[in-house]
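Colleague: I have a few questions about the ligand and the chain around it. Please show me the model before we start.

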Amino acid sequence: MPDIAIIGGGAAGAALFGALLSRDASDTVHWVAGNAPCTGRGVAYSTPHDHHLLNVRAGGMGLYLDADESFVEYGARHRPGSKPTDFLPRRLFGEYIESQLDQRLRDAKQRNRRFDIVTATASAIKAVGDRYEIALDDGGTVTAERIVLALGALPPRPLRTVSKRALVSSAYVLDPWSLIARPSHPRRLIVIGTGLTAVDTLISASIRWPDVELVAVSRHGLPPFVHPALPVDPFSQQAELNARLLACDGPALVLAEIRRTFREHPHVDWRSVIDGMRPINARLWQLFTPRQRRQFLRHARWLWESARHRVAPQSAEIIQQLRDEGRLQIHAARVLGVDGDGPLDVTVQSRENQLVTTLQSDIVVQATGLDTAVAFAEHPLVSGLLRDGLASADPLQLGVLAEPDGHLINTAGEMQPGLHAIGSLLRGNLWECTAMPEIRIAADALATRLNPPRAEHDDLLELLESG
Ligand SMILES: Cc1cc2nc3c(=O)[nH]c(=O)nc-3n(C[C@H](O)[C@H](O)[C@H](O)COP(=O)(O)OP(=O)(O)OC[C@H]3O[C@@H](n4cnc5c(N)ncnc54)[C@H](O)[C@@H]3O)c2cc1C
C-alpha cells in the first residue's frame, strides 16, 4: 500500500495520525510534525496558562472518534471534581492529546504498524512520477504517494493600514501568543480585534500588567457572546428548522428564517438554535452561490462568528469586570492607520459618530483571527504548491480549492492525485472545519478513505497467494 505523509504537528495532524495508526495496513505513515517542542498541541493547546480556557465543554472535546480515553475521564483524573459541562483549560487538552498519542504509538509498535515522526518543517513538495518528494528545512526528504496538509492557520499578515515603520518596531505584535514573553511594562495596550483571541490576550495582559490600560477595537466592537453556565436544552423543532434553512436561497433568507424562529419561540434559548445548526452548516455554505458567500462574509460573518464561537462564562466574567473597573474600553471603530516606532499612534474612526481620533499605545496587538488567504501567505510550502499548479486558491481566499472530502483541486481544475487537506485550509468548501468536534470527524473519515478496511476477498486472495 502506498505511503502517507501528514504535514503539520497540530491537533488535526495528531487526530489523523492516531486514526491512521489504529488501522492495520502495510504502508508507512510519516508525520512531518514541525519543530515545536510539544507535538500535537499546535497553536491552541500549547498555552501554559490556566486562564486560557476551551470554548467547547469538556464533553464535546476529544481527539479520536474512537477515543482511547475520553477527555471527560482524563479531566476527572487530572482535575478531580471537573464535570463534562465544564470549560477546562486548553493546556489540559494539550496534555490529553499527548497522552492519547502516546497510547496509539505504543499500540502501533506492538502491532508492528509502520510509522515515522519527523521533527522538521516541510518547505516544498515536488511531484516525481506518481510520488511526492517533501523537502524538509533540515535538508532531509520524505517520499510518499499520498500527502495530507494539516497546516492550521497560516502566519498572520499585517493589516494594510499598519506602516512599515510600525511593523518593524517591536511595539507592533503580529503573534498575540508571543506577547506575554515581553520584558517591557506598557502603560497602554491596544488590541485590534474583539474575538476569542482578543479575549485571551486581554486577560493575559491584565494578569501580567495589573495597572495597564487596555483598549480593544473592532468594527462592531462586539465581544463574543457567552456560553450559558450549563448546557441548554436542544430546540424541539430543530429538525424542521434545519430543513427550512436548507431550502433557503442565500444567507439573507437564512438569517430571516432564524430571526423568525427567535420571534416565534421567545422562550427558547437562541444558543440552542444556533448550536443545533452545526450538522448542516457545511451543507448550507456549499449551497450558497459565490455571490451569496461574498454577501455572507461582508454582512453577516461578524455576527455569526460572535454567536457561534462563544466564550466560556469565566472568561466573559473577567472581561466584564475589567470593563466595570474602567481598566478595559471596547470601541466600535475602524483602524485607519498605525504608525510610529514605539509608542505607536493608532488612528481610528468611530462607527457611531464617524469621529477620527488618535490613541497612543506602547504595544499594539493584532488579533484579527484566522488567516487562510493562501495566495498572499508567506508560507513557502503553500506558495510552492500554488506556483507549481498542484493546488489552487479558493476565490474568496478561504484556503485552497478542494472536494468536500479534502481532496485538493489543482490549477487544471482536476483532483490532484494523492493530495489532501484537513482543517482550516478547507474553509472555502466546508466553512466550519476548524474546531475539534469537526476535525476529529474529518480525521476519521479521511483515515478510512486513505486506508479502507480490507474486504474479505482481499484477505482470501492473500491466503490463496501465500498458500
Ligand atoms: C486560541 C485558540 C483557541 C481555540 N480553542 C478551541 C477550543 O476550545 N475548542 C476547539 O474545538 N477548537 C478550538 N480552537 C480551534 C483550533 O484551531 C482547533 O481545535 C485545532 O487546534 C486546529 O488544529 P490544526 O492542527 O488544524 O492547526 P494548528 O494548531 O494551527 O496546527 C498546525 C501546525 O502545523 C504546523 N505547520 C504549518 N506549516 C508547516 C510545515 N510546512 N511543516 C510542518 N508543520 C507545519 C504549524 O506550525 C502548526 O503547529 C482554537 C483555536 C485557537 C487559535
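Modeller: A residue is near a molecule if one of its heavy atoms lies within 4 Å of it. Of the 31 residues around the ligand, Tyr45, Asn55, Ala122, His379 and Met436 come nearest. This is a predicted model; local features need pLDDT of at least 70, side-chain atom pairs need 80 or more, and totals for chains, interfaces and linings use all residues. Residues are numbered from 1 along each chain as its sequence is written, and side-chain values use heavy atoms, without hydrogens and water.

Colleague: What makes the pair between Ala122 and the ligand a polar contact?

Modeller: A polar contact is a pair of N or O atoms within 3.5 Å. A backbone N or O atom of Ala122 lies 2.8 Å from a ligand nitrogen, so the pair qualifies.

Colleague: Which side chain has an N or O atom 2.9 Å from a nitrogen atom of the ligand?

Modeller: That of His379. The protein buries 83% of the 990 Å² that the ligand exposes taken alone (Shrake-Rupley method, 1.4 Å probe).

Colleague: Why is the protein chain called as compact as a globular protein of its length?

Modeller: The radius of gyration is taken over C-alpha atoms, and the globule rule is 2.2 Å times the number of residues to the power 0.38. The chain has a radius of 23 Å, close to the 23 Å that the rule gives for 467 residues, so the description fits.

Colleague: How many of the 467 residues, in percent, are buried?

Modeller: Buried residues make up 49%. Buried means under 20% relative accessible area (1.4 Å probe, protein chains only).

Conventions: Polar contact = N/O pair within 3.5 Å; in protein donor to acceptor, adjacent residues only side chain to side chain. Buried < 20%, exposed > 50% of the residue type's maximum accessible area, 1.4 Å probe, protein only.
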